[in-house]
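Trainee: Got a minute? I'd like to go through this model with you.
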Amino acid sequence: LLDDGTLCITNARGCSQQLVNALRESDLRSWVQPVQDFNRALLPVLNAVLNEEPHDMPCTLGTFTFRSPDRCPLPINFKATLTWVDEGNPKDDDPLWHFILSICS
């Protein structure tokens with residue numbers, strides 16, 4: 001999470017190299033539709049983590065539509081469930097968050 005509120009995807013893995021390349025170094029919020037619903041799901045969990053309150057992991061944030069941002073030429077549009085797995089083990093003050101994106105069948 002950057003100071004401007006961007007959720008920067010620093011790494012991505014998957015069977016579609018095109019999708020992995022498109023996701024890497026982009027803002028997660030630029031893919032999620034509607035972003036307001038995603039923010040409503042994310043903010044309570046994020047606040048709990050930042051305030052060091054107890055919280056359960058993994059935490060399913062919900063099922064969202066993912067669309068490629070305008071700058072991405074790939075025709076990506078799919079429903080997916082986003083799960084926050086953990087905060088990782090950061091070596092500095094910035095949490096390292098792991099999300100799992102599962103395409104709905």
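Mentor: Sure, start with Arg40 and Asp37: both sit in helix H3, three residues apart, about one turn of the helix. Helices here are DSSP runs (H or I, at least four residues), strands likewise (E, at least two), numbered from the N terminus. It's a predicted model, where local features need pLDDT of at least 70, side-chain atom pairs count only at pLDDT 80 or more, and totals for chains, interfaces and linings use all residues. Residues are numbered from 1 along each chain as its sequence is written, and side-chain values use heavy atoms, leaving out hydrogens and water.

Trainee: What do the side chains of Arg40 and Asp37 do?
Mentor: They meet in a salt bridge, 2.4 Å from N to O. That term means a side-chain nitrogen of Lys or Arg within 4 Å of a carboxyl oxygen of Asp or Glu.

Trainee: How many salt bridges does the structure hold?
Mentor: Just one.

Trainee: Is Arg40 buried or exposed?
Mentor: Exposed, at 57% relative accessible area, while Asp37 is partly exposed at 34%. The cut-offs are under 20% for buried, over 50% for exposed and partly exposed in between (1.4 Å probe, protein chains only).

Trainee: New topic: how many aromatic pairs turn up?
Mentor: A search of the whole structure finds one. Phe38 and Phe64 are edge-to-face, 5.6 Å centre to centre with 80° between the planes. Ring centres of Phe, Tyr and Trp (its six-membered ring) must lie within 6.5 Å; planes under 30 degrees apart are stacked, over 60 edge-to-face, the rest tilted.

Trainee: And where are Phe38 and Phe64 in the chain?
Mentor: Phe38 is in helix H3 (residues 35-50) and Phe64 in strand E2 (residues 59-67), 26 residues apart. Both are buried.
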